[in-house]
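Here's a short set of exercises to work through with the model open in your viewer. Try each task yourself before you read the solution.

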Amino acid sequence: FHGLRALLAGRIDEAERLAHEALAIGQSVGTPNALGAFSAQIFAIRREQGRIAELEAPLRMLLSEQPDLPIHRTGLAAIAAECGRREEAADAIVRLFERGGIDEFPRDEHFLTSMTLLAPACEIAGSPRYARRLYEILAPFADRIIPSAHGATCNGSVAYHLGRLAVALGELLRAVGQDVGRLRHEVDAAEDDRPAVAARRRHLA
């Protein structure tokens, strides 16, 4: 959790160092989810560093080893979107919504993270049909924060991702309402979360 606090405070280099230390400790005592927690932390760290493309090859390897975990597929869609690969992001969205059966995603600890990873892909792909469906799925959780990997990291607030989807749908007033409301909440309730608050302010600018 020290690594999470460092990440939320914007101390990215420290967060990366602590993630590696936690992985070493976890593996030394045989913690089964040590690598999973580390992977989630590094995903968040590389995204903040603008280096998320580095994780594509390792994530594809994880997908080949664990094909039944949807979060690997949604993570790859997020990477395509963050890297500006619009056609690839659009293809990933179609596969997940049409052939992957997004309504069949397990409602487990990965669910909200998996769903919100699709928001940037829907946004860049310009897919209002899929953005609308994802909005409908996430709307009941609008007041939630999204912990990931048993609290090792955090994917922000659901309302922020709803705001991005509203932008994709051309509903700018709704998007601003989502982001303003969530920005106020995060400043009050999670004042250490500097990268998250900065991201909200960039989208509001």
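**Exercise 1: the chain as a whole**

What percentage of the residues of the chain count as buried? Then work out which elements the chain has and in what order they run.

*Solution.*
Step 1. Some ground rules: this is a predicted model, where local features need pLDDT of at least 70 and side-chain atom pairs count only at pLDDT 80 or more, while totals for chains, interfaces and linings use all residues. Residues are numbered from 1 along each chain as its sequence is written, and side-chain values use heavy atoms, with hydrogens and water left out.

Step 2. Of the 205 residues, 48% are buried (under 20% relative accessible area; exposed is over 50%, partly exposed in between, with a 1.4 Å probe and protein chains only).

Step 3. Look at the surface: about 10,500 Å² is accessible, and 53% of that belongs to carbon and sulfur atoms (Shrake-Rupley method, 1.4 Å probe; for residues, only the protein chains shown count as cover).

Step 4. Go through the elements. You should find twelve helices and two strands (DSSP runs numbered from the N terminus: H or I of at least four residues for helices, E of at least two for strands). From the N terminus, the order is α-α-α-α-α-α-α-α-α-β-β-α-α-α.

Step 5. Check the contacts (heavy atoms within 4.5 Å). Among those with a separation of 6 or more, 60% join residues 24 or more positions apart.

**Exercise 2: how far to trust it**

Find where in the chain confidence is lowest and where it is highest.

*Solution.*
Step 1. Start with the average: mean pLDDT (the predictor's confidence in each residue, from 0 to 100) is 82, and 82% of the residues reach 70 or more.

Step 2. Go element by element. Helix H11 (residues 172–189) is lowest with a mean of 50, and H5 is highest at 93.

Step 3. Zoom in on residues 183–192, where pLDDT stays under 50 and the model has 17 contacts beyond four places in sequence. Where pLDDT is low, don't read the predicted coordinates in detail.

**Exercise 3: the largest pocket**

Which element gives the most to the lining of the largest pocket?

*Solution.*
Step 1. Get the volume: about 830 Å³. The search uses a 1 Å grid over the protein atoms alone: a pocket is an open set of points with protein on both sides within 12 Å along at least five of seven lines, a cavity is a set where a 1.4 Å probe fits but cannot get out, and lining residues have an atom within 4 Å of a point. Points are joined across faces, edges and corners, and a volume is the space filled by probe spheres set on them.

Step 2. Find the middle. The lining has 33 residues, and Gly 36, Ser 39, Ala 40, Leu 62 and His 72 are the closest to the centre.

Step 3. Assign elements. H3, helix H4 (56–65), helix H5 (70–82), helix H7 (111–117) and strand S2 (153–157) each supply at least two residues. H3 comes out on top with ten.

Step 4. Sort by type: 18 nonpolar, twelve polar and three charged (Ala, Val, Leu, Ile, Met, Phe, Trp, Tyr, Cys and Pro count as nonpolar, Asp, Glu, Lys and Arg as charged, and the others, Gly among them, as polar).

**Exercise 4: closed spaces**

How many cavities of 30 Å³ or more does a search of the whole structure find?

*Solution.*
Step 1. The search turns up two.

Step 2. The largest cavity holds about 60 Å³. Its lining is Leu 69, Pro 70, Phe 105, Pro 106, Asp 108, His 110, Phe 111 and Ser 114, which splits into five nonpolar, two polar and one charged.

Step 3. The second largest cavity holds about 30 Å³, and residues including Gly 3, Leu 4 and Leu 7 line it. Helix H1 (2–8), helix H2 (12–28) and helix H3 (34–49) each give two or more residues to that lining, with H1 giving the most, three. By type there are six nonpolar, three polar and no charged.

**Exercise 5: three residues**

Is each of Ser 148, Ala 168 and Pro 140 buried, partly exposed or exposed?

*Solution.*
Step 1. Ser 148 lies in strand S1 (residues 145–148). Ser 148 counts as buried because its relative accessible area is 10%. Leaving out residues up to four places away in sequence, Ser 148 touches Ala 40, Thr 113, Thr 153 and Cys 154.

Step 2. Ala 168 sits in helix H10 (residues 158–168) and is partly exposed, at 23%. With the same sequence cut, Ala 168 touches Cys 122, Glu 123 and Ala 131.

Step 3. Pro 140 is in the loop between helix H9 (128–138) and S1, and at 59% Pro 140 is exposed.
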